[in-house]
Amino acid sequence: MLNLRNIPAIDELLALPQVITLLNQYNREFITANLRQAVAETREHLRLSGKELSKESLIADIQERMTQLLAHSTQGTMQTVLNGTGVVLHTNLGRAPLSERALSYMQDMGRNYNNLEFDLGTGERGTRYHHVEEILLKLTGAEAGLVVNNNAAAVLLGLNTLAKDREVIVSRGQLVEIGGAFRIPEVMKQSGARLIEVGTTNKTYVSDYSNAINENTGLLFTAHTSNYKIVGFTEEVPLNELVALGKERQVPVMQDLGSGIMTDLKKWGLKEEPTVQESIATGVDIITFSGDKLLGGPQAGIVAGKKPIIAAMKKNQLTRALRVDKLTIAALEGTLLEYLCGDPLRNIPILRMLTASLDELNSRAGLLAKMLSESMDNRLVARVKIIATEDMVGGGAYPTYKIPGYGVQINFTDKYLDKIARRLRGKNPAVLTRIQDDTMIISMRTINPGEEVLLVDTLITVCQEMLDYSSMAEGNPCKD
Ligand SMILES: *Cc1c(COP(=O)(O)O)cnc(C)c1O
């Protein structure tokens, strides 16, 4: 038990010059807690290995563990990811990365006091909803707008405001579940509205809605089923017909648009998604959509439509619970300003990715393939080549549409693939790739220009680790 006695006391460790340096950077409790954990780990290591170590080696061991612990615990759990999957709006990867304009606006408003709820003209209390609304109206042609926490909240608020204790008529074909357990029937229930299903899974006609309207009807509801698609013999009522019916029978119409695209991307093959402007132009009473899907902004739920309805939504007590914070408002205004007076196709990251040309993607894939072939160890990598990819919009939009793109395909020698993919996920930034036909594919569309060097460096590091590990494990890198 002599070796355990060689472990210095915490006070002694706290007096080491290196630790004193750390005490100048971090608070004492934090350092002491990490030292205790490092000591515990060293003690456990000694117990398991039965090794006998000098006091100097023990101190070195404790300090080494301390360094690792600090690297880990001074960092939050969120970290950046290099997205090589080719899925542009990846809900698990935070959906839309923000534009520079949105980020700098958000930083400014986050760092400083601001006029969130203050009217600088009158010097009196203002409203936070004023901010985004003005730009939103200019962009969409709507009469009024409101922003809440996310689209799920916008739908809930719309239903609750217009149809609490009343009936809402919905097509059976639209009773969908959207990623993250947003189920339209469940949201209806929570809102206090009664769901009246009409039509069948594949076909619903305007007469189905019309026949279901009675004195208890509060709302005609339609959802753009952007995350799934029934193919074959289908019939849905176009929004303008539903709007005409609503006008005739004096029942408001609400559309859950889901993605909320503001720029026409038909030229780029993205045809199925109606734009926000197109929906508003039908005269629909209100529409709701997400801020962080095809709009390319922060998480938010945007409501646009008729003034009296939006005014009623603003007054609803629920709004207070669903309200957005200043950072979201700033990021959303920054994003919308890019649409209004900037260059959205170039500066909104997801729009840039979605409209990247095949030539550009091909030449970037060529460069990445070249960098990789020149630097990857051929004991691990059998082949690197450019490959045509099928990228995806993601985020529930364009469920069946594959966007042709280019990427790099890496064949690793023998069973390394899964281990390398796992280690890549463990790096900071983490690297996510697509595994297909026992190869690794990195799609260029979702890798930002300029990230290639970091990507290559990370791959080199991981391969080096595999080789180091394999020489330690006597030539079998697949043992871990
Ligand atoms: C994504 C989506 C939602 C949920 O939006 P969040 O912003 O994630 O809350 C609701 N409805 C439709 C049609 C959607 O596509």
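Analyst: Before we start, a residue counts as buried when its relative accessible area is under 20%, as exposed when that area is over 50%, and as partly exposed in between. Please also keep in mind that the model we are looking at is predicted.

User: Which residues does helix α11 carry on the face turned away from its buried side?
Analyst: Let's start with the inside of this helix, which runs over residues 239-249. Its buried residues are L239, L242, V243, L245 and G246. Seen down the axis of α11, they fall within an arc of 160°, so they line one face of the helix. The face turned away from that buried side carries two exposed residues, K247 and E248.

User: What covers the buried residues of α11?
Analyst: Other helices and strands help to cover this buried side. Among the helices are α10, at 206-212, and α12, at 276-281. The strands include β10, at 217-223, and β11, at 253-258. So that you can find them in the picture, here are the names from that cover once more: α10, α12, β10 and β11.

User: Which residue takes a positive phi just after α11?
Analyst: Follow the chain just past the end of the helix. There you meet a phi of about 55°, and the residue that takes it is Q250.

User: Which residues come nearest to the ligand?
Analyst: There are 12 residues around the ligand. Two elements, α8 (151-163) and β11, each give two or more residues to this shell. The residues that come nearest are R95, A152, D256, S290 and K293.

User: How far is a polar side-chain atom of D256 from a nitrogen atom of the ligand?
Analyst: Let's look at three side chains in turn. An N or O atom in the side chain of R95 is 3.0 Å from an oxygen atom of the ligand, and a polar side-chain atom of K293 lies 2.8 Å from a ligand oxygen. For D256, the partner is a nitrogen atom of the ligand, and the distance is 2.6 Å.

User: How much of the ligand's accessible area does the protein cover?
Analyst: On its own, the ligand has 380 Å² of accessible area. The share of this area that the protein covers is 95%.

User: Where does R95 lie, given its positive phi?
Analyst: R95 is among the residues that come nearest to the ligand. Its phi is about 50°, although R95 is not a glycine. R95 lies in the loop between β2 (87-89) and α6 (100-111).

User: Is D437 buried or exposed?
Analyst: D437 also has a positive phi of about 50° without being a glycine. It lies in the loop between β17 (434-436) and β18 (439-443). Its relative accessible area is 64%, and the cut-off is over 50%, so D437 counts as exposed.

User: Is T335 in helix α15 buried or exposed?
Analyst: T335 has its place in α15, which covers residues 326-341. Leaving aside neighbours within four places in sequence, T335 is in contact with A102, L295, G296, G297, P298 and I348. Its relative accessible area is 0%, so T335 is buried.

User: How far apart in space are L156 and G192?
Analyst: L156 is found in helix α8, and at 19% relative accessibility it counts as buried. Its contacts beyond four places in sequence are V187, Q190, S191 and L318. L156 and G192 are 36 residues apart in sequence, yet from C-alpha to C-alpha they are separated by 9.3 Å.

User: What is the angle between the planes of the aromatic pair?
Analyst: The structure holds 1 aromatic pair. Its partners are Y26 and F30, with 5.5 Å from centre to centre. Y26 is partly exposed at 28%, and F30 is partly exposed at 24%. The pair is tilted, with an angle between the planes of 45°.

User: To finish, what share of the residues of the chain count as buried?
Analyst: The chain's secondary structure comes to 20 helices and 18 strands, and its C-alpha trace spans about 90 × 55 × 40 Å along the principal axes. Of the 480 residues in this chain, the share that count as buried is 48%.

Methods
Residues are numbered from 1 along each chain as its sequence is written. This is a predicted model: local features need pLDDT of at least 70, side-chain atom pairs count only at pLDDT 80 or more; totals for chains, interfaces and linings use all residues. Side-chain values use heavy atoms; hydrogens and water are left out. Rings of Phe, Tyr and Trp (its six-membered ring) pair if their centres lie within 6.5 Å; planes under 30 degrees apart count as stacked, over 60 as edge-to-face and the rest as tilted. Buried means under 20% relative accessible area, exposed over 50%, partly exposed in between (1.4 Å probe, protein chains only). Helices (H or I, at least four residues) and strands (E, at least two) are DSSP runs, numbered from the N terminus. The arc is that of the directions from the helix axis to the C-beta atoms. Contact means heavy atoms within 4.5 Å. A residue is near a molecule or strand if one of its heavy atoms lies within 4 Å of it. A polar contact is a pair of N or O atoms within 3.5 Å; within protein, one must be able to donate a hydrogen and the other to accept it, and residues adjacent in sequence count only if both atoms are side-chain atoms. Accessible areas come from the Shrake-Rupley method with a 1.4 Å probe; for residues, only the protein chains shown count as cover.
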